[in-house]
Amino acid sequence: MIPLSWYMALAVMLFCVGVCGFLTRRNVIIMLLSLELMLNGVNLNLVALSYYLDSVRGQIFTFFIITVAAAEAAIGLGIAVTLYRSRRSVHVDTINQLKG
Amino acid sequence: MFIQIFFIYCALMIIASSILAVSLRNPIHCVLMVLILFFHMAGLYLTLNAEFLAAVQIIVYAGAILVLYLFVLFLVSLRDEIRLVPFIANAWVGRAVAVGLAGVLLYAVLPAFILGEKGKWPVEAVREVTHTKVIGQELYTTYLLPFEIAGLILLVALLGGLVLARRERGEGDNEVQTAEEPPSENASIQGEVSR
């Protein structure tokens, strides 16, 4: 039997690695990927708690989180493609125009 | 005993591959590291008696979302990838923030918990009806409205992805020209701005 705190500690570490990647990397796609890492940390937490509380509520929440992660990936990567298309070879130092 | 060794193996692989995923230079390698991470995450779900979620983790996350990332990485050429200004200019500040957050969260999480009242699905009951059936029952009775909203979110994401990634007529021709002759590129970008 694995203690609950092991799962929660692992989830915390995964979340914080995601935070670190989001704050330090500059590539947009890797930033989105770090966001997925954070979501996975939260998922692990929810599934572990739902197992130790004899309930499936956390697993249902995880299911919805996976759905939202898929939607977020589709939209975020669409924005990345659009960004790349409009600023082809320009090194994007500041994305500060709303329309252009 | 075996299950604890399995947990420790999965945990070490998850931590190692996540650190590699945020620190490797080549984005393709980053995505492949995240793929390894997702497989071990599915293994952890199996230790928690969540077979359906393990399958969904592999099919949806590893099979669909990561393939989407890979396709976008191939679309966006690797030589000049899109970069944003990081939220915090110095990388060490970001790392310090992450380590501090980890310390605070571990301090909050590691003491023993007093678990709340138990739900109505202990492991034996779930094993009797099988896990997928339990999830389906809960999803279509208690959580019917959130389920419908999730479907709506997926529809919006589908339409949004189509609209964002669609190529306007005429814009594509412009782009081919600019790709062939770099000097005229500035002119076309200025033309887009003025338009």
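In the predicted model, N27(A) is located in the loop that links α1 and α2 of chain A. This residue counts as partly exposed, because 18 C-beta neighbours fall inside 10 Å, whereas burial requires 20 or more. Between N27(A) and I60(A) the C-alpha to C-alpha distance is 32 Å, at a sequence separation of 33 residues.

The secondary structure of chain A consists of three helices and zero strands, with the elements in the order α-α-α from the N terminus. These helices span residues 4-24 (α1), 28-52 (α2) and 57-86 (α3). Chain A comprises 100 residues, of which 54% count as buried. Of the contacts within chain A that join residues at least 6 apart in sequence, 43% link residues at least 24 apart.

An unreviewed UniProt entry assigns the feature "transmembrane region" to residues 6-23, 30-53 and 59-84 of chain A. In the model, the segment 30-53 of chain A is 96% helix and 0% strand, with its end C-alpha atoms 35 Å apart. The segment 59-84 of chain A is 100% helix and 0% strand, and its end C-alpha atoms are separated by 37 Å.

The contact between the chains draws 67 residues from chain A and 78 residues from chain B. On the side of chain A that touches chain B, α1, α2 and α3 of chain A each contribute at least two residues. The most is given by α3(A), with 23 residues. By residue class, this side of chain A divides into 45 nonpolar, 15 polar and seven charged residues.

Residues of both chains also enter the largest nonpolar core, which has 66 residues. Those with the most contacts inside this core are L14(A), I29(A), L33(A), L44(A), V47(A) and Y45(B). At least two residues of the core are supplied by each of α1, α2 and α3 of chain A and by each of α1 (2-23), α2 (27-47) and α3 (51-75) of chain B. The largest share, 14 residues, comes from α1(A). One of the core residues with the most contacts, L33(A), is in contact with A21(B), C30(B), V31(B), V34(B) and Y69(B), when neighbours within four places in sequence are left aside.

Note on methods
Residues are numbered from 1 along each chain as its sequence is written. Chains are lettered from A and ligands numbered from 1 in the order in which they are written. This is a predicted model: local features need pLDDT of at least 70, side-chain atom pairs count only at pLDDT 80 or more; totals for chains, interfaces and linings use all residues. Two residues are in contact if their C-beta atoms, placed from the backbone, lie within 7 Å. Helices (H or I, at least four residues) and strands (E, at least two) are DSSP runs, numbered from the N terminus. Ala, Val, Leu, Ile, Met, Phe, Trp, Tyr, Cys and Pro count as nonpolar, Asp, Glu, Lys and Arg as charged, and the others, Gly among them, as polar. UniProt positions are given in the numbering used here, feature names are shortened, and annotations may be inferred rather than shown by experiment. A nonpolar core is a set of buried Ala, Val, Leu, Ile, Met, Phe, Trp, Tyr and Cys residues joined through C-beta atoms within 7 Å. A residue is buried if 20 or more other C-beta atoms lie within 10 Å of its own, exposed if 12 or fewer, and partly exposed in between; C-beta atoms are placed from the backbone.
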